[in-house]
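User: Can you walk me through this model? I'd like surface, cores and pockets.
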Amino acid sequence: AEIGEESHDTARVGGRGERHRSVRRAQWRRQLHDRGGALGGPQGEQAVPHALDAAGLDLILGGAKDHFDPTKRKDKRNLWAEFEWAGYHVARTQAEFERAPESKPWLGTFSGSHLPFALDHRSDDALRKSVPTLPAMVERALAKLENADRFLLQIEGGRVDHACHNNDAAGALRDQIALDEALDLALAFHD
């Protein structure tokens, strides 16, 4: 496979969840508006997951459980079920992610909002058992996409920024290392 500028297969892996995708989100909102909500969802924030499905992504991995959980959504829709109905393998835990078949698109939402800081992940057994690391998500994503003619894989280490805003040098450093490990995997794959 070759990493190229244009793509028929697309994927997203990252730590910030879906709410920080401002450019893409603007495109998706415009698409929803142009179709008069024909993608099946309401306008605004609640419509983002519908637009993600319409974008034809092969995998979406990160945080953002609260955007899909019917008990946390204003409209009470179960977007996990809707993604499953659309043919996605939905993973909410690391075990479900490890069982994700390469033959289906993936939706992985592993924490309520953002992925945990890498430093917290290293020191918490429960997090290590339930939430995959950024490098682990990238490794699985590359394995899934390796037979595609071309693809675009967006990798984001958004918690580096959060740690810096909190003046948390140890958190920023550990998340930067996790991002570096993830990028090393991508570069090794490309070579």
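User: What does the accessible surface of the protein chain come to, and what share belongs to carbon and sulfur atoms?
Analyst: About 9900 Å², with 49% of that belonging to carbon and sulfur atoms. Keep in mind that this is a predicted model.

User: What percentage of the residues count as buried?
Analyst: 43% of the 191 residues in the protein chain.

User: And secondary structure: how many helices and strands?
Analyst: Ten helices and six strands.

User: Of contacts between residues at least 6 apart in sequence, what share joins residues at least 24 apart?
Analyst: 65% of them.

User: OK, cores. How many residues are in the largest nonpolar core, and which have the most contacts inside it?
Analyst: The largest nonpolar core has 22 residues. Phe-110, Leu-153 and Ile-155 have the most contacts inside it.

User: Which elements give two or more residues to this core?
Analyst: Two strands and two helices: β3 (59-62) and β6 (150-156), plus α8 (134-145) and α10 (169-190). The largest share comes from α8, with six residues.

User: Which residues does the second core include?
Analyst: Among them are Leu-57, Ile-60, Leu-79 and Val-90. That core is separate and has ten residues. As a general point, nonpolar side chains in soluble globular proteins tend to be buried together.

User: Switching to His-89. Where is it placed?
Analyst: His-89 lies in strand β4, which covers residues 89-91.

User: Why does His-89 count as buried?
Analyst: Because its relative accessibility is 16%, and the cut-off for buried is under 20%.

User: What is His-89 in contact with, leaving aside neighbours within four places in sequence?
Analyst: Two charged-residue names to start: Glu-96 and Arg-99. Then come Ala-100, Pro-101, Lys-104, Pro-105, Trp-106 and Leu-107.

User: Now pockets. What is the volume of the largest pocket?
Analyst: About 280 Å³.

User: Which lining residues are closest to its centre?
Analyst: Ala-118, Thr-133, Leu-134, Pro-135 and Ala-178. The lining has 22 residues.

User: Which elements give two or more residues to that lining?
Analyst: α6 (118-123), α8 and α10. The most comes from α10, with five residues.

User: So α8 and α10 turn up again?
Analyst: Right. Both give two or more residues to the largest core, and both do so for the lining of the largest pocket.

User: How do the lining residues divide into nonpolar, polar and charged?
Analyst: Nine are nonpolar, six are polar and seven are charged.

Conventions: Residues are numbered from 1 along each chain as its sequence is written. This is a predicted model: local features need pLDDT of at least 70, side-chain atom pairs count only at pLDDT 80 or more; totals for chains, interfaces and linings use all residues. Side-chain values use heavy atoms; hydrogens and water are left out. A nonpolar core is a set of buried Ala, Val, Leu, Ile, Met, Phe, Trp, Tyr and Cys residues joined through side-chain atoms within 4.5 Å. Buried means under 20% relative accessible area, exposed over 50%, partly exposed in between (1.4 Å probe, protein chains only). Helices (H or I, at least four residues) and strands (E, at least two) are DSSP runs, numbered from the N terminus. Contact means heavy atoms within 4.5 Å. Accessible areas come from the Shrake-Rupley method with a 1.4 Å probe; for residues, only the protein chains shown count as cover. On a 1 Å grid over the protein atoms alone, a cavity is a set of points where a 1.4 Å probe fits but cannot get out, and a pocket is an open set with protein on both sides within 12 Å along at least five of seven lines; lining residues have an atom within 4 Å of a point. Grid points are joined across faces, edges and corners, and a volume is the space filled by probe spheres set on the points.
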